[in-house]
Amino acid sequence: MKKIAFVTDTSSGLKNLEIPNVYVVPLNVLVTTYDDNNEATTKSYQDQIECTNQMICEWLKSDKKINIKTSQASLGEIQLIINQICDKYDEIYVIPIASTASGSENSWRIIAQDEPKIHIVHQHMGGPMLKWIIKDLISLSAEDNFDISVLNDYIKKSINKIFGIMLVKDIKQLKNGGRVTKLTSLVLQKLNFSLLISLDEKGMKLFRVIKNFDKLSMLFFKYFNKKIQNFDNKAIEEIMFIRNTNEDKSLIDSYIQQVKNRFKQTDVKITEEIMPAVLIAHAGLNSFICAIKLK
């Protein structure tokens with residue numbers, strides 16, 4: 001049986017070798033601070049190594065003028081991990097954050113051009129939802145007939161089986177990440193609006209602008225029904241809630257409970273994950289994601 005390695009990035013929430021043969025490349029968090037003369041200083045932190053989600057939250061809550069963005073790992077950092085593992089494995093499958101959210105996949109493809117044993121898994125997810133894909137691929141790799149065609153077949157099917165929706169209340173972080181314009185950000189914040197962002201094969205797309213959270217769960221299910229006809233009758237394998245780490249836990253708990261109450265399958269597996277630092281940098285405080293995996 002071939003010896004297979006899997007490589008992902010810290011958007012997954014995984015730590016390096018937390019799962020055997022799964023290597024994790026740190027993404028970068030760029031923090032720009034300003035002095036009294038408005039002179040900017042930018043420092044880069046490697047996610048999970050030099051920066052935690054708690055640190056991101058503290059920076060976002062700070063009264064100081066601060067700008068937080070993210071960046072992909074450099075080609076040098078990617079090449080370093082490949083040099084460390086290439087001779088140890090027969091095949092290396094790379095599962096980066098979706099290309100619609102980052103340029104990481106393109107960087108990996110540049111490295112893969114010179115190494116035929118590297119296979120890039122083109123998929124549409126990011127964040128802890130990548131754990132679903134990685135664990136499924138590990139299970140598939142244990143089968144005798146595992147090859148790239150089996151993997152490609154799985155990825156095609158996963159497009160219609162894994163999707164989610166994200167509540168974003170901290171609009172300025174979407175502005176800093178280039179997801180909304182400065183003018184849009186100012187208007188939404190002035191009117192105290194929040195956003196529901198869909199997460200699927202089309203990337204991160206605006207689903208709804210909201211102000212009243214009483215019907216939050218109904219809006220979530222409206223999106224799920226839009227994705228999958230007769231959604232309530234589908235066999236759900238798992239529901240994943242990805243929550244931020246911040247002081248307003250009761251608020252997020254109430255939102256999550258709203259959504260839980262809408263699910264008719266009482267025996268469905270429900271898990272909770274902590275939002276990785278690189279996602280908090282985009283989604284901001286008091287954000288959360290509800291992701292669905294169908295059987």
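Trainee: Let's start with a pair of facing residues: which residue in S9 stands opposite Leu167?

Mentor: Good place to begin, and keep in mind that this is a predicted model. Strand S8 covers residues 162-168 and strand S9 covers residues 194-200, and the two run antiparallel, joined by 5 bridges. In S9, the residue opposite Leu167 is Leu196.

Trainee: Following Leu196 across to S10, which residue does it stand opposite there?

Mentor: S9 and S10 also run antiparallel, with 7 bridges joining them. They form a hairpin with 2 residues between them. On the S10 side, the residue opposite Leu196 is Arg208.

Trainee: Which strands stand at the edges of the sheet that holds these strands?

Mentor: Let's read off the strand order: this open sheet of 6 strands runs S10-S9-S8-S13-S11-S12, with mixed pairing. The twist averages 20 degrees from one strand to the next. Each edge strand has a single partner strand, so one side of each is left without a neighbour in the sheet; these two are S10 (203-210) and S12 (269-274).

Trainee: And at about what angle does H9 run to S11?

Mentor: H9 covers residues 249-262. The helix lies across S8, S11 (236-243), S12 and S13 (288-294). Its direction relative to S11 is about 160 degrees.

Trainee: H8 packs with H9 too, so is H8 parallel, perpendicular or oblique to H9?

Mentor: H8 spans residues 216-227, and its axis is 8 Å from that of H9, at an angle of about 55 degrees. Angles of 65 to 115 degrees count as roughly perpendicular and those under 35 as roughly parallel. An angle of about 55 degrees therefore makes the arrangement of H8 to H9 oblique.

Trainee: How many nonpolar residues are in the contact of H8 with H9?

Mentor: H8 passes H9 in a right-handed crossing. From H8 come Leu216, Ser217, Met218, Phe220 and Phe221, and they meet Tyr255, Gln258, Val259 and Arg262 in H9. Of the residues in this contact, 1 is charged and 2 are polar, while the nonpolar ones number 6.

Trainee: How confident is the prediction here, and in which helix is confidence lowest?

Mentor: The mean pLDDT of the chain is 86, with 96% of residues at 70 or more. Confidence is highest in strand S2 (residues 22-25), at 96. At the other end, with a mean of 79, the element where confidence is lowest is H9.

Trainee: Now the sheet of 3 strands: which strands stand at its edges?

Mentor: This open sheet has the order S4-S3-S5, with antiparallel pairing. S3 (residues 28-34) is joined to S4 by 7 bridges, and Val31 stands opposite Lys43 in S4. Each edge strand has a single partner strand, so one side of each lacks a neighbour in the sheet; the two are S4 (40-46) and S5 (66-71).

Trainee: Which helix packs on that sheet?

Mentor: The twist of this sheet averages 20 degrees from one strand to the next. The helix in question covers residues 53-61, touches S3, S4 and S5, and makes about 145 degrees with the direction of S5. That helix is H1.

Trainee: One last contact: how many nonpolar residues are in that of H2 with H3?

Mentor: The axes of H2 (residues 75-85) and H3 (residues 104-112) come within 10 Å and cross at roughly 50 degrees. H2 gives Leu75, Ile78, Gln79, Ile81 and Ile82, and H3 gives Ser107, Trp108, Ile110 and Ile111. None of the residues in this contact is charged and 2 are polar, while the nonpolar ones number 7.

Terms used. Residues numbered from 1 in each chain as written. Predicted model: local features only at pLDDT ≥ 70, side-chain atom pairs only at ≥ 80, totals over all residues. Heavy atoms only, no water. pLDDT = per-residue confidence, 0-100. Helix = DSSP H or I, 4+ residues; strand = E, 2+ residues; numbered from the N terminus. Axes fitted to C-alpha atoms, helices over the stretch in contact; angles between N-to-C directions. Parallel < 35°, antiparallel > 145°, perpendicular 65-115°, else oblique. Left-handed = near helix turned anticlockwise from the far one by under 90°. Contact = heavy atoms within 4.5 Å. Nonpolar A, V, L, I, M, F, W, Y, C, P; charged D, E, K, R; others polar. Pairing = 2+ DSSP bridges.
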